[in-house]
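User: Please take a close look at one part of this model, the surroundings of the bound ligands, and then set that part in the context of the fold.

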Amino acid sequence: MYTVSDLRQLHLEVSTRCNAECPMCARNLFGATAPGLTETSMTLNQFRTCMPEDVLAKLEVVDICGAYGDPAIAPELLDICRHIQATSPATRIRIYSNGGLRTPKWWAQLAKIPDITTIFAIDGLTTNEVYRRKVDTDKALRNATAFIDAGGRAQWDYIAFAHNEHEIDAARAHATDLGFAEFQVKKTARFLRPLYEPAPELRPGDGIGTVPIYDRTGEVVGELRPPADERLVNEVVLWARSIEARAEYFDEFFDTCAVRCLALDSSAIFLAATGHVYPCCWLYVQATLPELYGKHAATDRQVHDLLTDTGGPDTLDAAEHPLDDILTSNFFTAVENSWSADSVAGGKLKVCSRVCGEGFSAYRRQFDRPDLVP
Ligand SMILES: C[S@@+](CC[C@H](N)C(=O)[O-])C[C@H]1O[C@@H](n2cnc3c(N)ncnc32)[C@H](O)[C@@H]1O
Ligand code: SF4
Ligand code: SF4
């Protein structure tokens, strides 16, 4: 796909642990942590092993986000950020967090690292805890304020739902008062899930309009719905609503679309908290979800099976293999080759069509300002 000297961006998962219990997050299943999730945080030593200094020195951006956890929970996050900054002063660091962990003092320390931005995911003022179920919103706002007051650059991302759309204007005004540099509304595409993979948590009739909220015991305690204001709904969700035979339509699209790889375009790789390297977070999730769900729920196994057939996850472990070998591994080569297969049944990766298929890209259309897309 690409070589190590091409790399310009790193998407880093520093932890698979989290405090928040968001219902649509891949780490959760029926309200509880997915049974097969390996809960772990990366240490500075692990990071240094996986990401050699000469590679780090060439990176323009390090996005510290992840698929299964919140960066702020990682015990050595400050040390990792300081190491990145010291090794490569020109690299911009962006951290994605629900903001509810740690103290204002800790966030002020983080802000002292030059050229650092935090994207706080706060989906409401009085309503944030409908989605960010275990986050103390006042605490998240105090932490964000401490970060901003200490000189950090902060962005507020707000996922719009039916239950919080009425608070967007007030939140935007509050963001300005607190000194956030940006406020952006995120139009989630996750309501589309049943159109591309098994969605075990949905009940008959939920379709693409409702997602149940479960508590830790598996009881349904609420529902998520897209906003009523269609200007706040993801364009691809609106489009899907307008098509009657939508499952067939989407299948046809996944078979036939041209894939333009976002990872390749931005010369980016994804490093998981376990030390495994993937082209992007979407392949990481698809490769690992069958283990997370185990026997408890069905999921799409296409990427998982491709990885098994091409040598298994150990071949992607950056603690064991040089990055050069991983980027030229059988798995990376097979991913690239898959894009020219004539159908999903013939080996084209459905996740690549869904995320990077030209003319679809629900992911890119989550934001009004594409330049702010992480
Ligand atoms: C797994 S989270 C990791 C970072 C951090 N824990 C957070 O939530 O910001 C990865 C990204 O998914 C986003 N996210 C969570 N739920 C989402 C949803 N329903 N739709 C779109 N993005 C979502 C998060 O806000 C974050 O930007
Ligand atoms: S805060 Fe982030 S990692 Fe944690 S449950 Fe929510 S989306 Fe997932
Ligand atoms: S989903 Fe596939 S095509 Fe898109 S960035 Fe990842 S590897 Fe590339």
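Analyst:

**Ligand surroundings and the fold around them**

Ligand 2 is surrounded by Cys-18, Ala-20, Glu-21, Cys-22, Cys-25, Arg-27, Gly-69, Asp-70 and Asn-98. The model is a predicted one, and the positions discussed here should be read as such. Sorted by class, the shell around ligand 2 holds 4 nonpolar, 2 polar and 3 charged residues. Among the charged residues named around ligand 2 are Glu-21, Arg-27 and Asp-70.

Asp-70 also links this site to the other one: Asp-70 is listed around ligand 2 and is among the residues that come nearest to ligand 1. The shell of ligand 1 has 17 residues, and Met-24, Tyr-96, Ala-121 and Thr-188 join Asp-70 as those that come nearest. By class, this shell divides into 9 nonpolar, 4 polar and 4 charged residues.

Two strands contribute to the shell of ligand 1: strand 5 (92–97) and strand 7 (153–159) each supply at least two of its residues. Both strands belong to an open sheet of 8 strands, with the order 8-7-6-5-4-1-11-12 and mixed pairing. At the edges of this sheet stand strand 8 (182–186) and strand 12 (277–278); each has a single partner strand, so one side of each has no neighbour in the sheet. Strand 7 pairs with strand 8 in the parallel sense, over 5 bridges. Within this part of the sheet, Tyr-158 stands opposite Val-185 of strand 8. As a rule, the strands of a sheet pair through backbone hydrogen bonds, in either the parallel or the antiparallel sense.

The sheet is one part of a chain with 15 helices and 12 strands. The largest nonpolar core of the chain has 106 residues, and Phe-270, Leu-271, Tyr-278, Leu-283 and Tyr-284 touch the most other members. Helix 11 (residues 281–293) gives this core its largest share, 8 residues. Leaving aside residues up to four places away in sequence, Tyr-284 touches Ala-67, Phe-270, Ala-272 and Tyr-278. In soluble globular proteins, nonpolar side chains tend to be buried together.

For the chain as a whole, 42% of the 374 residues count as buried. Of the contacts with a separation of 6 or more, 73% are between residues 24 or more positions apart. The C-alpha trace spans about 55 × 50 × 35 Å along its principal axes. The radius of gyration is 20 Å, which agrees with the value near 21 Å that a compact globule of 374 residues would have.

Notes:
Residues are numbered from 1 along each chain as its sequence is written. Chains are lettered from A and ligands numbered from 1 in the order in which they are written. This is a predicted model: local features need pLDDT of at least 70, side-chain atom pairs count only at pLDDT 80 or more; totals for chains, interfaces and linings use all residues. A nonpolar core is a set of buried Ala, Val, Leu, Ile, Met, Phe, Trp, Tyr and Cys residues joined through C-beta atoms within 7 Å. A residue is buried if 20 or more other C-beta atoms lie within 10 Å of its own, exposed if 12 or fewer, and partly exposed in between; C-beta atoms are placed from the backbone. Helices (H or I, at least four residues) and strands (E, at least two) are DSSP runs, numbered from the N terminus. Two residues are in contact if their C-beta atoms, placed from the backbone, lie within 7 Å. The radius of gyration is taken over C-alpha atoms; the globule rule is 2.2 Å times the number of residues to the power 0.38. A residue is near a molecule or strand if its C-beta atom, placed from the backbone, lies within 6 Å of it. Ala, Val, Leu, Ile, Met, Phe, Trp, Tyr, Cys and Pro count as nonpolar, Asp, Glu, Lys and Arg as charged, and the others, Gly among them, as polar. Two strands pair if DSSP finds at least two bridges between them.
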